[in-house]
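Here's a quick briefing to read with the model open in your viewer. Have the sheet, the core and the ligand surroundings ready to click through.

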Amino acid sequence: MRVFSNSAISVDGKLGTSSLDHLVIGSDEDRRLMSVLRAQADAVLVGGQTFRNWPLPLVESPSALRPEDRRSDRDGLIINAVLTRVGITSASAVAKRWPDPRVRLLVFGPPTLDVDAHRQALGAEVFTSEEPGVAWVLDELQAMGCRSVLVEGGGDLIARVLRSGRLSELFVTLAPVLIGGVSAPTLLDGAGLRADELVKLRLQSVKRVDDELFLHYTLRSGGSPG
Ligand SMILES: NC(=O)c1ccc[n+]([C@@H]2O[C@H](COP(=O)([O-])OP(=O)(O)OC[C@H]3O[C@@H](n4cnc5c(N)ncnc54)[C@H](OP(=O)(O)O)[C@@H]3O)[C@@H](O)[C@H]2O)c1
């Protein structure tokens, strides 16, 4: 299964501000790329924090796609998958946006998740495990027939996917902006890697549009740093 991430970061590597407000870092071209990559995915996976910040359907925008970017072989609806411990029903915008006829919303987490509340507020299906984690979510998605999973963050989730050894590609939009803040989320959060664990990347392509860089990397060192 192809597992790839897409993120827009500031020049100092931040995904957003310390206050975790929803922030649009990239340009219209970045949003177009987001649609192109979503069109390649059977499922888009985010962490609970990211969903609560932007509790909207993660779907491609048909108007942003060129004919060659369009997709006709996805089986059924695009899946939006959320990994969460505390659940995602607290987001105030949720009830207004969900269910969405374009999306199958799946929530993954511990048995303490309120299955009925998620179904009623969001039309979501809930999957639970005593030991929820990224590898389990990816296995479940694969068992459902997903052949490609796009990880849209945030930094905590991307770090977990990397640690799982399943991440094979990263798309990174380097936006010409500085954000700063020691607690602001970065592309790769969590505990970080040791010097002997660093993950090496191969730059597959770089595209410049005005002051923005669009980078596509694959992992050289397998991406399972322990
Ligand atoms: N610029 C970009 O491209 C971009 C993209 C995405 C996000 N963002 C920003 O990044 C920030 C969020 O990133 P983040 O790193 O703070 O959070 P995140 O990666 O979105 O989510 C982390 C969350 O994942 C859940 N989780 C992690 N491990 C789990 C496990 N084993 N079992 C169950 N749930 C687990 C927890 O959710 P719960 O808290 O729900 O329990 C945890 O808080 C936001 O500011 C967002 O706007 C930016």
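What follows goes through the sheet, the cores and the ligand shell in turn.

This is a predicted model, where local features need pLDDT of at least 70, side-chain atom pairs count only at pLDDT 80 or more, and totals for chains, interfaces and linings use all residues. Residues are numbered from 1 along each chain as its sequence is written. Helices (H or I, at least four residues) and strands (E, at least two) are DSSP runs, numbered from the N terminus.

**The sheet**

- There are 9 strands in an open, mixed sheet, ordered β5-β4-β3-β2-β6-β1-β7-β9-β8; two strands pair if DSSP finds at least two bridges between them.
- β5 (125-128) and β8 (201-209) sit at the edges with a single partner strand each, so one side of each has no neighbour in the sheet.
- From one strand to the next, the twist averages 20°.
- β6 (residues 148-151) pairs with β1 in the parallel sense over 4 bridges, and Val3 has Val149 as its bridge partner there.
- β6 also pairs with β2, again parallel, over 3 bridges, with Ala43 opposite Val149.
- β7 (residues 169-174) and β9 (residues 212-219) run antiparallel over 6 bridges, and Phe171 faces His216 in β9.
- Helix α1 (residues 28-40) lies across β1, β2, β6, β7, β8 and β9, at about 165° to β7; axes are lines fitted to C-alpha atoms, for helices over the stretch in contact, and angles run from 0 to 180 degrees between N-to-C directions.

**The cores**

- A nonpolar core is a set of buried Ala, Val, Leu, Ile, Met, Phe, Trp, Tyr and Cys residues joined through C-beta atoms within 7 Å, where buried means 20 or more other C-beta atoms within 10 Å of a residue's own, with C-beta atoms placed from the backbone.
- The largest one has 47 residues, and Ala43, Ala81, Val107, Val149 and Val151 have the most contacts inside it.
- A second, separate core has 6 residues, including Ala8, Leu15, Ile25 and Leu174.
- Beyond four places in sequence, Val151 is in contact (C-beta atoms placed from the backbone, within 7 Å) with residues including Val3, Phe4, Leu45 and Leu157.

**The ligand shell**

- The ligand has 29 residues around it (C-beta atom, placed from the backbone, within 6 Å), and Gly47, Gly48, Thr50, Gly153 and Gly154 come nearest.
- β1 (2-9), β2 (43-47), α2 (48-53) and α6 (155-163) each supply at least two shell residues.
- The shell has 10 nonpolar, 14 polar and 5 charged residues; Ala, Val, Leu, Ile, Met, Phe, Trp, Tyr, Cys and Pro count as nonpolar, Asp, Glu, Lys and Arg as charged, and the others, Gly among them, as polar.

Key
Buried ≥ 20, exposed ≤ 12 C-beta atoms within 10 Å, placed from the backbone. Contact = placed C-beta atoms within 7 Å.
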